[in-house]
Amino acid sequence: MKKLALAFLVFLTGMAYAQKMKVISGNFDFLKGQTALNLKMDYSHMTFYKENMDEAAYIAKQESDIRKAGKSPDEFEKWKKD
(Lines give C-alpha, C1' and ligand atoms only; values in the text may rest on other atoms or scores of the structure.)
Protein backbone atom coordinates (compact mmCIF):
# COMPACT_ATOMS: atom_id res chain seq x y z
CA MET A 1 0.00 0.00 0.00
CA LYS A 2 2.87 2.35 0.82
CA LYS A 3 4.46 1.69 -2.58
CA LEU A 4 1.19 2.47 -4.32
CA ALA A 5 0.77 5.71 -2.36
CA LEU A 6 4.35 6.71 -3.13
CA ALA A 7 3.90 5.94 -6.83
CA PHE A 8 0.70 8.00 -6.89
CA LEU A 9 2.42 10.91 -5.16
CA VAL A 10 5.31 10.82 -7.62
CA PHE A 11 2.81 10.69 -10.50
CA LEU A 12 0.88 13.71 -9.21
CA THR A 13 4.07 15.67 -8.62
CA GLY A 14 5.24 14.92 -12.15
CA MET A 15 1.91 15.95 -13.64
CA ALA A 16 1.86 19.22 -11.70
CA TYR A 17 5.43 20.03 -12.75
CA ALA A 18 4.76 19.15 -16.40
CA GLN A 19 1.93 21.68 -16.63
CA LYS A 20 4.15 24.66 -15.78
CA MET A 21 5.62 26.52 -18.73
CA LYS A 22 8.19 29.28 -18.63
CA VAL A 23 7.95 31.70 -21.56
CA ILE A 24 11.42 33.01 -22.35
CA SER A 25 10.41 35.50 -25.01
CA GLY A 26 7.21 36.53 -26.75
CA ASN A 27 3.72 35.48 -25.71
CA PHE A 28 0.83 33.28 -26.73
CA ASP A 29 -1.66 36.05 -27.49
CA PHE A 30 -1.90 34.95 -31.13
CA LEU A 31 -3.56 31.71 -29.97
CA LYS A 32 -6.45 33.46 -28.22
CA GLY A 33 -9.73 32.45 -29.87
CA GLN A 34 -8.09 29.88 -32.17
CA THR A 35 -9.61 26.41 -32.36
CA ALA A 36 -7.01 24.87 -34.70
CA LEU A 37 -3.36 25.44 -35.50
CA ASN A 38 -1.78 24.47 -38.83
CA LEU A 39 1.83 23.52 -38.08
CA LYS A 40 4.22 22.58 -40.88
CA MET A 41 7.57 20.96 -40.16
CA ASP A 42 10.40 21.48 -42.66
CA TYR A 43 13.04 18.74 -42.62
CA SER A 44 14.75 19.76 -45.86
CA HIS A 45 18.03 20.78 -44.18
CA MET A 46 18.19 17.89 -41.71
CA THR A 47 21.47 15.96 -41.48
CA PHE A 48 22.40 12.69 -39.82
CA TYR A 49 25.40 11.65 -37.72
CA LYS A 50 28.68 13.51 -37.39
CA GLU A 51 29.27 13.23 -41.13
CA ASN A 52 26.27 15.55 -41.77
CA MET A 53 24.78 13.15 -44.34
CA ASP A 54 21.65 14.14 -46.16
CA GLU A 55 18.68 11.78 -46.41
CA ALA A 56 19.82 10.03 -49.61
CA ALA A 57 23.30 9.34 -48.20
CA TYR A 58 21.79 8.06 -44.94
CA ILE A 59 19.50 5.65 -46.79
CA ALA A 60 22.43 4.41 -48.92
CA LYS A 61 24.51 3.85 -45.77
CA GLN A 62 21.69 1.90 -44.12
CA GLU A 63 21.29 -0.23 -47.24
CA SER A 64 25.00 -1.07 -47.30
CA ASP A 65 25.00 -1.83 -43.54
CA ILE A 66 22.03 -4.18 -43.92
CA ARG A 67 23.65 -5.95 -46.87
CA LYS A 68 26.99 -6.25 -45.02
CA ALA A 69 25.16 -7.88 -42.13
CA GLY A 70 24.13 -10.65 -44.53
CA LYS A 71 20.43 -9.88 -44.41
CA SER A 72 18.14 -10.21 -47.41
CA PRO A 73 17.21 -7.26 -49.66
CA ASP A 74 13.67 -7.64 -48.32
CA GLU A 75 14.99 -6.60 -44.91
CA PHE A 76 16.17 -3.29 -46.37
CA GLU A 77 12.84 -2.72 -48.10
CA LYS A 78 11.07 -3.37 -44.80
CA TRP A 79 13.40 -0.87 -43.02
CA LYS A 80 12.84 1.70 -45.78
CA LYS A 81 9.05 1.30 -45.56
CA ASP A 82 9.10 1.67 -41.77
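**Salt bridges, helix α2 and its surroundings**

Two salt bridges turn up when the whole structure, a predicted model, is searched. One of them joins the side chains of K61 and D65, with an N to O distance of 2.9 Å. K61 and D65 lie four residues apart in helix α2, and are therefore separated by about one helical turn. K61 is partly exposed, at a relative accessible area of 30%, and D65 is likewise partly exposed, at 32% relative accessibility. The other pairing is between R67 and E63, whose closest N and O atoms are 2.9 Å apart. Here too the partners are four residues apart in helix α2, so that about one helical turn separates R67 from E63. R67 counts as partly exposed at 44% relative accessibility, while E63 is partly exposed with a relative accessible area of 26%. As a reminder of the background, side chains of opposite charge can pair when their charged atoms come close. The spacing of the partners also fits a simple rule: an α-helix has 3.6 residues a turn, so residues three or four places apart point the same way.

It is worth turning next to the helix itself. Does the geometry of α2 come out as expected or not, given a rise of 1.5 Å a residue? The 14 residues of α2 should span 20 Å, and the C-alpha atoms at its ends are 20 Å apart, which agrees. Which residues of α2 are buried? They include Y58, Q62 and I66. These three cover an arc of only 70 degrees around the axis, which means that they sit on the same side of α2. A56 and K68, by contrast, are exposed on the other side of α2. The cover over the buried residues of α2 includes α3, which runs over 73-81. After α2 comes G70, with a positive phi near 80 degrees.

Among the buried residues, Q62 offers a convenient close-up. Q62 belongs to helix α2, and its relative accessible area is 14%; with the cut-off for buried set at under 20%, Q62 therefore counts as buried. Leaving aside residues up to four places away in sequence, Q62 touches Y49 and W79. Q62 and F76 are 14 residues apart along the chain, and their C-alpha atoms are separated by 7.9 Å.

One of the contacts of Q62, Y49, leads into the loop between α1 and α2. Y49 is partly exposed, at 47% relative accessibility. Its backbone deserves a second look: Y49 is not a glycine, yet its phi is positive, at about 60 degrees. The background here is that most residues other than glycine have a negative phi, and most peptide bonds are trans. The loop between α1 and α2 also holds N52, another non-glycine residue with a positive phi, in this case about 55 degrees. N52 has a relative accessible area of 52%; because exposed means over 50%, N52 falls in that class.

How far apart are T13 and N52 in sequence and in space? The two are 39 residues apart in sequence and 40 Å apart in space, C-alpha to C-alpha. T13 itself is part of helix α1 and counts as partly exposed, at 48% relative accessibility.

The last feature to report is on the surface. A nonpolar patch is formed there by M21, V23, F28, F30, L31 and L37, which together have about 650 Å² of accessible area. One of these residues, V23, is placed in the loop between α1, residues 2-18, and α2, residues 55-68. V23 is partly exposed, with a relative accessible area of 40%.

How values were computed:
Residues numbered from 1 in each chain as written. Heavy atoms only, no water. Patch = residues over 30% accessible without salt bridge, like charges linked within 9 Å, V, L, I, M, F, W, Y side chains within 5 Å. Areas by Shrake-Rupley, 256 points an atom, 1.4 Å probe, with all protein chains shown as cover. Salt bridge = Lys/Arg side-chain N within 4 Å of Asp/Glu carboxyl O. Helix = DSSP H or I, 4+ residues; strand = E, 2+ residues; numbered from the N terminus. Buried < 20%, exposed > 50% of the residue type's maximum accessible area, 1.4 Å probe, protein only. Expected span 1.5 Å × (residues − 1). Arc of directions from axis to C-beta. Contact = heavy atoms within 4.5 Å.
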